[in-house]
Amino acid sequence: MVAHAGPADPVEDLVGRRTWARSILMTNRDDHAVAADLATEAGALLLGVREREGFGDAGALRAKGDRASHEFLMEALARVRPDDCVLSEEATREERLDPRRLRADRVWIVDPLDGTREFSEEGRSDWAVHVALWERDGKRDGKRDGEEGGRLTAGAVALPAQGRTLTTAEPPKLPAVPQGRFRIAVSRTRPPEFVQRLAELVGADLVPIGSAGAKISAVLTGEAEAYVHAGGQYEWDSAAPVAVALAAGAHASRIDGSPPAYNQADPSLPDILVSLPDLARSLLDGIRDLHR
């Protein structure tokens, strides 16, 4: 990161003060706590940006929120986990293509502001901050880069405007499957057409919710029972919420039933299914039937 000479920009000043204040405390904490603390702190920072900037210029608010949260997370991780790599939505193309990430044993996958549209709309709370950790399985001895794979081992989804953070440290208790019809969370602005047909096939109602993190969180907290998406996403859109969902015992897969893979050379991860475990089979069968 580029060092700044002074607090000319209040956002930059707040980023620096928050990072320095928390870094010593977080250095010796476990990865679950670090993910939760960083997501929560970034969320508090974003609430401050929202309050300070107001909603008169949505584009400027989105840009300042993205920048402030990204800089905070990058600087904080550099201090508390200096040996780890980071994949962020707000990284440059060169940073995303850095080959060191594919050779690393530990990679933090972050979305500094998931749901910029909702963040810039007054009164909306369905936006989030994602912080997840991917760790390599096994050893690299005798294997090519990326051959041995890895998995998500920690994660947190902060929902700042809702005043809560869902984390792998204390995964939420999954709600019971309702009797009769259930709810599928979908995009507010571009729900996939096949999900509408899927809902008719399996007897579900569609619930429009903003960001991907807010939609998956809704499954874990009882506001929906499933989230199905096939309209194009990236690893940072789902890594942290999938980490929390798996820790809670929910089902999380690609829409063909295969496990989602993270820390790939191409971070595109275009589809995802997260649901209460008892609904996964019927949803996967329905998706398969619709794609025949």
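**Sheets, helices and nonpolar cores**

In this predicted model, Val 107 has Trp 134 of strand β3 as its bridge partner. This pair belongs to a longer contact between two strands, since β2, which covers residues 106-114, and β3, which covers residues 128-136, are joined in the antiparallel sense over seven bridges. In general, the strands of a sheet pair through backbone hydrogen bonds, and such pairing may be either parallel or antiparallel.

Strands β2 and β3 are part of an open sheet of five strands, arranged in the order β1-β2-β3-β4-β5, in which the pairing is mixed. The edges of the sheet are formed by β1 (85-88) and β5 (164-167), each of which pairs on one side only. On average, and with direction ignored, neighbouring strands in this sheet are turned by 15 degrees against each other. Helix α3, made of residues 58-80, packs on the sheet and touches β1, β2 and β3, and its direction makes about 155 degrees with that of β2. Helix α9, made of residues 235-248, lies across β1, β2, β3, β4 and β5, and runs at about 90 degrees to β4 (150-159).

Within β4, Thr 153 was examined individually. When residues up to four places away in sequence are not counted, Thr 153 touches His 32, Leu 133 and Glu 135. With Glu 135, the connection includes a polar contact of 2.8 Å between the two side chains.

The nonpolar cores were considered next. In soluble globular proteins, nonpolar side chains tend to be buried together. The largest nonpolar core here has 52 residues, and those that touch the most other members are Ile 109, Leu 152, Ile 184, Val 228, Tyr 262, Val 274 and Leu 283. Helix α9 gives the most to this core, contributing seven residues. The surroundings of Leu 152 serve as an example: leaving aside residues up to four places away in sequence, Leu 152 touches Ala 132, Leu 133, Trp 134, Ala 239, Val 242, Ala 243 and Tyr 262. There is also a second, separate core of 27 residues, and Leu 45, Leu 73, Phe 119 and Ala 158 are among its members.

A search of the whole structure for aromatic pairs finds two of them. In one pair, the ring centres of Phe 119 and Trp 127 are 5.0 Å apart and the ring planes stand at 80 degrees, so the arrangement is classed as edge-to-face, because planes over 60 degrees apart are given that name. Phe 119 has a relative accessibility of 0% and therefore counts as buried, the cut-off for burial being under 20%. Trp 127 likewise counts as buried, with a relative accessibility of 0%. In the other pair, the ring centres of Tyr 234 and Trp 236 are 5.1 Å apart and the planes make 10 degrees, so this pair is stacked. Tyr 234 is partly exposed, with a relative accessible area of 39%, whereas Trp 236, at 3% relative accessibility, counts as buried.

Strand β8, which covers residues 226-229, was found to be covered on both faces, with Ala 226 and Val 228 buried on one side and Tyr 227 and His 229 buried on the other. Strand β6 (residues 182-187) and β8 run parallel and are joined by two bridges, and the bridge partner of Ala 185 in β8 is Tyr 227. Strand β10 (residues 272-275), by contrast, runs antiparallel to β8 and is joined to β8 by four bridges; here Ala 226 stands opposite Ser 275 of β10.

Helix α8, made of residues 212-221, is mostly covered, as nine of its ten residues are buried. The buried residues include Lys 215 and Ser 217, together with Ala 212, Gly 213, Ala 214, Ile 216, Ala 218, Val 219 and Leu 220. Just after α8 comes Gly 222, which takes a positive phi of about 95 degrees.

A final point concerns Asp 57, which is placed in the loop between α2 (31-53) and α3. The side chain of Asp 57 reaches the backbone nitrogen of Gly 59 at 3.3 Å. Although Asp 57 and Ser 120 are 63 residues apart along the chain, their C-alpha atoms are separated by 8.4 Å.

Methods
Residues numbered from 1 in each chain as written. Predicted model: local features only at pLDDT ≥ 70, side-chain atom pairs only at ≥ 80, totals over all residues. Heavy atoms only, no water. Buried < 20%, exposed > 50% of the residue type's maximum accessible area, 1.4 Å probe, protein only. Pairing = 2+ DSSP bridges. Axes fitted to C-alpha atoms, helices over the stretch in contact; angles between N-to-C directions. Contact = heavy atoms within 4.5 Å. Core = buried A, V, L, I, M, F, W, Y, C linked by side-chain atoms within 4.5 Å. Phe/Tyr/Trp six-rings, centres within 6.5 Å; stacked < 30°, edge-to-face > 60°. Polar contact = N/O pair within 3.5 Å; in protein donor to acceptor, adjacent residues only side chain to side chain.
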